[in-house]
Amino acid sequence: FSSQLFNEAEVKAALPKLKALYGTNKVVPPEYERHFYTALSFYPQLELAAITFTSKPLPTSMRAKPSNGSLLTRKRQYCIFINDQSADVVDLSQANFTELTGCIIHELAHIEDYEDMTNGGIIWTGIRYLLSQQFKSRLEKNTDRIAAEHGGGYYLFQFTDFIFNRAEAAKGYLKNKQENYYSPSDLWELHQEYKTWSVNAKHGN
């Protein structure tokens with residue numbers, strides 16, 4: 001529940017340890033390893049989850065989903081796609097280390113949510129996500145809450161503040177963010193809420 005920016009030098013030094021702890025079943029390009037494993041450290045329960053992090057053109061910044069066909073098997077696999085091939089939607093190269101890591105924290109919260117669902121439940125969630133604007137907004141905000149509950153709220157705030165206030169983002173993408181996700185001020189309040197809850201829980205209050 002920190003409110004400090006990530007120190008890239010410290011993350012780089014800790015990367016071998018992070019990979020040893022969480023690297024099982026993970027496929028991540030070297031240029032994103034520091035971001036990915038820093039974000040994953042907020043979700044130690046995903047240490048054995050099969051996750052591939054890869055580039056793909058998207059109408060958004062990132063997307064997490066079960067990989068094609070894995071919902072038909074007993075061994076579920078996930079993909080996190082990052083749209084780093086075009087700046088037409090949003091130029092993620094403008095995001096700093098903390099901001100980009102905050103986005104991955106949100107995507108991993110989706111996977112954390114999927115882990116509590118049956119395969120059929122995930123399929124039904126995807127259908128409702130496509131058909132209902134109200135459901136989409138509720139799911140994305142709940143995903144932000146999952147991230148905040150795991151201590152990642154400040155970093156999600158940093159990413160959202162970047163998108164809303166500093167990024168060169170397409171109007172459609174920004175409109176989607178404004179309609180379906182918490183605003184930076186909402187995320188700051190959410191972070192403070194869970195930070196207070198964590199302190200109280202630690203002291204038995």
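The side chains of K19 and E33 meet in a salt bridge, with 3.1 Å between nitrogen and oxygen, in a model that is predicted. K19 lies in helix α1 and E33 in helix α2, so this pair ties together parts that are 14 residues apart in sequence. The two partners differ in their surroundings, since K19 counts as partly exposed at 32% relative accessibility, whereas E33 is buried, with a relative accessible area of 15%. The points below take up the other salt bridges, then the sheet, the nonpolar core, helix α5 and the cysteines.

**Salt bridges**

- A search of the whole structure finds six salt bridges, and the background to such pairs is that side chains of opposite charge can pair when their charged atoms come close.
- Another of these pairs is formed by the side chains of E8 and R34, which meet at 3.6 Å from N to O; because E8 lies in helix α1 (residues 8-22) and R34 in helix α2 (residues 33-40), the pair ties together parts that are 26 residues apart in sequence.
- E8 is partly exposed, with a relative accessible area of 38%, and R34 also counts as partly exposed, at 27% relative accessibility.
- R166 forms a salt bridge with D161, and the closest N and O atoms of this pair are 2.7 Å apart.
- R166 counts as partly exposed at 41% relative accessibility, while D161 is buried, with a relative accessible area of 18%.
- D161 and R166 are also linked with E99 in a network of salt bridges.

**The sheet**

- Four strands make up an open sheet, in which the order is β1-β2-β4-β3 and the pairing is mixed.
- The strands at the edges are β1 (26-27) and β3, each of which pairs on one side only.
- Strand β2 (residues 50-55) and β4 run parallel and are joined by six bridges; within this part of the sheet, A50 stands opposite Q77 in β4.
- Strand β3 (residues 62-66) pairs with β4 in the antiparallel sense, over five bridges, and here P66 stands opposite Y78 in β4.
- Strand β4 (residues 77-82), which has these two neighbours, is mostly covered, as five of its six residues are buried.

**The nonpolar core**

- In soluble globular proteins, nonpolar side chains tend to be buried together.
- In this model, the largest nonpolar core has 54 residues, and those with the most contacts inside it are F36, Y43, F53, I80 and L108.
- Helix α3 (residues 97-115) gives the most to this core, contributing nine residues.
- Leaving aside residues up to four places away in sequence, Y43 touches I105, L108, A109, E112, I146, A147 and H150.

**Helix α5**

- Helix α5 (residues 133-149) has 17 residues, which at 1.5 Å a residue should span 24 Å, and this agrees with the 24 Å that separates its end C-alpha atoms.
- The expected figure comes out at 24 Å because the span is taken as 1.5 Å times one less than the number of residues.
- The buried residues in α5 are F135, K136, S137, L139, E140, T143, D144, I146, A147 and A148, and among them I146 and A147 are contacts of Y43.
- Just after α5, G151 takes a positive phi of about 95 degrees.

**Cysteines**

- A disulfide is a covalent bond between the sulfur atoms of two cysteines.
- The structure holds zero disulfides.
- C79 is in no disulfide, and the nearest cysteine sulfur to it, that of C103, is 16 Å away; because a disulfide needs sulfur atoms within 2.5 Å of each other, this pair does not qualify.
- C103 is likewise in no disulfide, and its nearest cysteine sulfur is that of C79.
- Both cysteines are nevertheless buried, as C79 has a relative accessible area of 13% and C103 counts as buried at 3% relative accessibility.

Methods. Residues are numbered from 1 along each chain as its sequence is written. This is a predicted model: local features need pLDDT of at least 70, side-chain atom pairs count only at pLDDT 80 or more; totals for chains, interfaces and linings use all residues. Side-chain values use heavy atoms; hydrogens and water are left out. Buried means under 20% relative accessible area, exposed over 50%, partly exposed in between (1.4 Å probe, protein chains only). A nonpolar core is a set of buried Ala, Val, Leu, Ile, Met, Phe, Trp, Tyr and Cys residues joined through side-chain atoms within 4.5 Å. Contact means heavy atoms within 4.5 Å. Two strands pair if DSSP finds at least two bridges between them. A salt bridge is a side-chain nitrogen of Lys or Arg within 4 Å of a carboxyl oxygen of Asp or Glu.
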